[in-house]
Amino acid sequence: MTMSIKKGTASHGLLRTVEQMADVDLSVCFQCKKCDSGCPVSHLTASPPSEVVRRLHLGAGNELLESDLVWMCVSCETCFARCPMGIDIPSAIDALRVLAVKQQTPTPEGDMPLFNRAFLKTVKIFGRTYDLGMITAHKIGTKSYLKDAEKFPVMLKKKKIALLPPRGADRKTARRIFDSVKRKKENQK
Ligand code: SF4
Ligand code: SF4
């Protein structure tokens, strides 16, 4: 695959910023690609995790924020677990996601930031993800009411989705985490 790299304004593009934000050292990556072979979305993306790291090595700038993996990564941490150098790639991708939101970078297909917000909102309210609430918020936000609607009865029948919000989650702890992140962000302003 051909990589398109434009130098960022800083001499190392986004590399140092991502390393600082994610508290990772990407220089130890030796491109073994073990991360790619375990990644559940690498076959769907144009840029698997090892390529994102390599592009950072090569001085990629803001164009990297348009990489589809930035929003397709499901934070499963498989890459982190498989990496022989212990590189926390999900944190690096989170950092790219934060930068993409800050810079209002166009996102790939669908409204991924909205999906992300809907996901976090349900965790904040219920202490755990509530799929139906998340899907409803995303559908309202994207006005895609009927898209994939035919799958809903099958998912219900197979118990892949629940009508009612999750019970038994530690909502107080979840709230505390959200409040502490909010305070941290306010202190950084
Ligand atoms: S598994 Fe680790 S060392 Fe190997 S390519 Fe991926 S990030 Fe680099
Ligand atoms: S955390 Fe993201 S990049 Fe890593 S394996 Fe999971 S989906 Fe792929």
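This report describes a predicted model of a protein with two ligands, from its overall build down to single residues.

## Overall build

The protein has 10 helices and zero strands. Read from the N terminus, its elements run α-α-α-α-α-α-α-α-α-α. Along the principal axes, the C-alpha atoms fill a box of roughly 50 × 40 × 35 Å.

The protein has 189 residues, and buried residues make up 24% of them. Among the contacts with a separation of 6 or more, 67% are between residues 24 or more positions apart.

## Two domains

The protein is divided into domain 1, residues 15–102, and domain 2, residues 112–188. The centres of the two domains, taken over C-alpha atoms, are separated by 25 Å.

Helix α7 covers residues 112–126 and has 15 residues. From the first C-alpha of α7 to the last is 21 Å, close to the 21 Å expected at 1.5 Å a residue. Glycine 127 follows α7, and the phi of glycine 127 is positive, near 80°.

## Surroundings of ligand 1

Ligand 1 is surrounded by 16 residues, and the closest are Cys29, Cys32, Cys35, Ser50 and Cys83. Two elements, α2 (34–38) and α3 (49–57), give two or more residues to this shell. The largest share, three residues, comes from α3.

Sorted by class, the shell around ligand 1 divides into 11 nonpolar, two polar and three charged residues.

## Surroundings of ligand 2

Around ligand 2 there are 15 residues, of which Cys39, Cys73, Cys76, Thr78 and Cys79 come nearest. Helices α5 (78–82) and α6 (89–102) each supply at least two residues of the shell. The largest share here is from α6, with three residues.

The shell around ligand 2 holds 11 nonpolar residues, three polar residues and one charged residue.

## Valine 52, in helix α3

Helix α3, which gives three residues to the shell around ligand 1, is also the place of valine 52. Is valine 52 buried or exposed? Valine 52 has 24 other C-beta atoms within 10 Å, so it counts as buried, given that the cut-off for a buried residue is 20 or more.

Leaving out residues up to four places away in sequence, valine 52 touches Ser47, Leu64, Ser67 and Leu69. Valine 52 and isoleucine 89 are 37 residues apart in sequence, while their C-alpha atoms are 9.4 Å apart in space. Isoleucine 89 has the number at which α6 (89–102) begins.

## Serine 37, in helix α2

Serine 37 is found in helix α2, one of the elements that give two or more residues to the shell around ligand 1. How many C-beta neighbours does serine 37 have inside 10 Å? There are 13, and serine 37 therefore counts as partly exposed, because a residue is exposed at 12 or fewer, buried at 20 or more, and partly exposed in between.

Serine 37 and arginine 82 are 45 residues apart along the chain, and their C-alpha atoms are separated by 9.1 Å. Residue 82 is where α5 (78–82) ends, and α5 supplies at least two residues of the shell around ligand 2.

Methods. Residues are numbered from 1 along each chain as its sequence is written. Chains are lettered from A and ligands numbered from 1 in the order in which they are written. This is a predicted model: local features need pLDDT of at least 70, side-chain atom pairs count only at pLDDT 80 or more; totals for chains, interfaces and linings use all residues. A residue is near a molecule or strand if its C-beta atom, placed from the backbone, lies within 6 Å of it. Helices (H or I, at least four residues) and strands (E, at least two) are DSSP runs, numbered from the N terminus. Ala, Val, Leu, Ile, Met, Phe, Trp, Tyr, Cys and Pro count as nonpolar, Asp, Glu, Lys and Arg as charged, and the others, Gly among them, as polar. Domain bounds come from an automatic or database domain assignment. The expected span of a helix is 1.5 Å times one less than its number of residues. Two residues are in contact if their C-beta atoms, placed from the backbone, lie within 7 Å.
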